[in-house]
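Grab a viewer and something to scribble on. Here's a set of exercises to work through, each with its solution spelled out.

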Amino acid sequence: MSSDTLVTREPRGSSVPSRAPKIAWRLATVVDVVTETPRARTLVLDVPDWPGHRAGQHVDVRLTADDGYQAQRSFSIASAPEDVRIALTVQRLDDGEVSPHLTDVLRAGDRLELRGPIGGYFAWEAALGGPLLLVAGGSGIVPLMAMLRHRATALVAASMQARHGVPARLLYSARRWDDVFYRRELARLAEDDEALEVALTLTHEVPSGWTGFRRLIDRMMLAEIAWPPGERPQVFVCGPTPLVEAVAAALVELGHDPALVKTERFGPTGGSA
Amino acid sequence: MKGDIRKTADERGDERVGEALRLDGNAAAGLLSEIFVPDLTAAPVTCAYCGAIRALGALLVYAHGMGPVIRCPECGAVVLRVARIRNQLWLDPTGTRLVVMPEAAAPSGHQTHK
């Protein structure tokens with residue numbers, strides 16, 4: 001894992017000394033809303049005094065009703081630490097209190113209360129090296145996308161040798177092609193980078209001519225995609241709780257060190273993946 | 001802000017802190033930031049019952065109405081409870097033997113253990 005040759009930009013704020021400021025609620029402004037899938041939008045936010053984040057971290061978003069009732073949820077950051085603006089990709093849940101407001105109501109110029117960045121455990125930066133194995137289910141792709149975006153930015157100036165020192169593989173499970181977030185960007189990133197492999201599995205419906213996986217992620221699929229345990233890949237698994245727990249258990253059965261398998265459960269879903 | 005955000009159905013998927021869901025220690029990090037200045041998610045926590053040492057982010061969070069119940073993934077014991085009761089935050093650390101806080105931990109939690 002020699003990463004000393006990598007050119008990495010220090011995420012803003014990561015060198016804050018011991019008198020670290022408390023995480024405060026901030027009023028962010030929506031600068032853009034991007035449609036990712038029929039059910040998901042990316043909110044691009046301008047956050048005043050944003051201290052910087054690490055790829056994989058999340059924010060808490062708080063909505064306040066007219067009568068003072070508040071609802072609060074966590075959303076992963078999709079943007080790389082190098083981006084000036086913060087991007088959150090939110091999947092609409094029909095019975096949700098918060099997500100329909102974020103995906104259907106908010107427009108550019110609207111304000112939003114958030115606090116963060118939160119959680120330094122489920123985080124990766126290029127300086128930590130690789131190999132990097134990312135496993136996503138449904139909207140669990142969001143924090144992993146921040147890692148891939150960060151990796152691409154950090155390695156852009158690195159030599160080919162350094163780039164190959166941090167190979168990355170993404171295994172991403174979605175119900176159907178239309179539900180896949182960041183399709184074009186993922187294709188472009190993989191095309192531009194020999195050291196990045198992206199594998200999709202579509203669990204409910206596949207487009208005609210589909211040659212990829214078409215089943216839930218299982219142990220055999222992981223054995224095919226993951227590096228051998230001896231390579232000691234750093235693994236990040238994110239998605240609905242059942243998927244995350246099945247993947248983490250299968251990886252440990254395959255011989256991966258549990259300490260290298262980090263998980264982020266999004267809670268059970270109706271089966272977003 | 002619209003007045004119609006309140007709904008009773010439990011929220012799932014990307015809205016991660018719902019009702020009685022099993023999540024990771026990370027899910028409690030926002031609430032814990034109201035109590036502790038450094039990010040605790042990468043801090044090794046020793047379970048008082050079985051002695052297992054895990055980063056808080058690797059513990060299991062059960063999200064209940066008043067606040068998260070944080071359990072040891074090895075023995076299932078309650079390691080930490082946080083509850084919002086009226087206008088107070090209650091922290092019950094009975095199940096925690098030791099928390100090792102990295103020095104100079106920023107809220108964004110940049111720390112490595114080597």
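The exercises below start with chain A as a whole, go through its domains and sheets, and end with single residues. Keep in mind throughout that this is a predicted model.

**Exercise 1. Take stock of chain A: how many helices and strands does it have, and what share of its residues count as buried?**

Solution.
- Start with the secondary structure: chain A holds six helices and eleven strands.
- Next comes burial. Chain A has 273 residues, and 48% of them count as buried.
- Finally, check the contacts. Taking those in chain A with a separation of 6 or more, 75% are between residues 24 or more positions apart.

**Exercise 2. Split chain A into its domains and describe the side of domain 1 that touches domain 2.**

Solution.
- Set the bounds: domain 1 of chain A covers 25-118, and domain 2 covers 126-265. These bounds come from an automatic or database domain assignment.
- Work out the spacing: 24 Å separates the C-alpha centres of the two domains of chain A.
- Count who meets whom: 16 residues of domain 1 of chain A are in contact with 14 residues of domain 2 of chain A.
- Ask which strands contribute. On the domain 1 side, strand E1 (25-37) and strand E5 (86-91) of chain A each supply at least two residues.
- Sort that side by residue type: seven are nonpolar, seven polar and two charged.

**Exercise 3. Lay out the six-stranded sheet of chain A and find its edge strands.**

Solution.
- Write down the order: the strands of chain A run E4-E3-E6-E1-E2-E5 in an open sheet, with antiparallel pairing.
- Look for strands that pair on one side only: these are E4 and E5 of chain A, the edges.
- Get the twist: neighbouring strands here are turned by 40 degrees against each other on average, with direction ignored.
- Zoom in on the E4 edge. Strand E3 (residues 58-64) of chain A is joined to strand E4 (residues 70-76) of chain A by seven bridges, and Leu63(A) sits opposite Ala71(A).
- Look at the turn too: the hairpin of E3(A) and E4(A) has five residues between its strands, and Gly68(A) has a positive phi near 95 degrees there.
- Then go to the E5 edge. Strand E2 (residues 40-46) of chain A is tied to E5(A) by six bridges, again antiparallel, and Thr42(A) has Thr89(A) as its bridge partner.

**Exercise 4. Do likewise for the five-stranded sheet, then place helix H2 of chain A on it.**

Solution.
- The order is E9-E8-E7-E10-E11 (chain A), in an open sheet with parallel pairing.
- The edges are strand E9 (196-205) and strand E11 (261-265) of chain A.
- The twist from one strand to the next averages 10 degrees.
- For one pair in detail, take strand E8 (residues 168-176) of chain A: eight bridges join it to E9(A), with Tyr172(A) opposite Leu200(A).
- Now add the helix. H2 (residues 141-155) of chain A has 15 residues and spans 20 Å from first C-alpha to last, close to the expected 21 Å.
- H2(A) lies across E7, E8, E10 and E11 of chain A, at about 145 degrees to E8(A).
- Last, burial: 14 of the 15 residues of H2(A) are buried, so the helix is largely enclosed by the rest of the structure.

**Exercise 5. Is Asp60(A) buried or exposed, and what does it touch?**

Solution.
- Locate Asp60(A): it's in strand E3 of chain A.
- Count its surroundings: 21 other C-beta atoms lie within 10 Å. The cut-off for buried is 20 or more, so Asp60(A) is buried.
- List its contacts, leaving out residues up to four places away in sequence: they include Gln72(A), Ser74(A), Leu114(A) and, from chain B, Gly30(B).
- Add a distance: Asp60(A) and Arg73(A) are 13 residues apart in sequence, with 5.5 Å between their C-alpha atoms.

**Exercise 6. Run the same kind of check on Ile53(B): how many other C-beta atoms lie within 10 Å?**

Solution.
- Ile53(B) belongs to strand E3 (residues 53-55) of chain B.
- The count is 15 other C-beta atoms within 10 Å. Buried needs 20 or more and exposed 12 or fewer, so Ile53(B) is partly exposed.
- Beyond residues up to four places away in sequence, Ile53(B) touches Pro44(B) and Thr46(B).
- Val99(B) is 46 residues from Ile53(B) along the chain, and their C-alpha atoms are 9.2 Å apart.

Key: Residues numbered from 1 in each chain as written. Chains lettered and ligands numbered in written order. Predicted model: local features only at pLDDT ≥ 70, side-chain atom pairs only at ≥ 80, totals over all residues. Pairing = 2+ DSSP bridges. Helix = DSSP H or I, 4+ residues; strand = E, 2+ residues; numbered from the N terminus. Contact = placed C-beta atoms within 7 Å. Nonpolar A, V, L, I, M, F, W, Y, C, P; charged D, E, K, R; others polar. Expected span 1.5 Å × (residues − 1). Axes fitted to C-alpha atoms, helices over the stretch in contact; angles between N-to-C directions.
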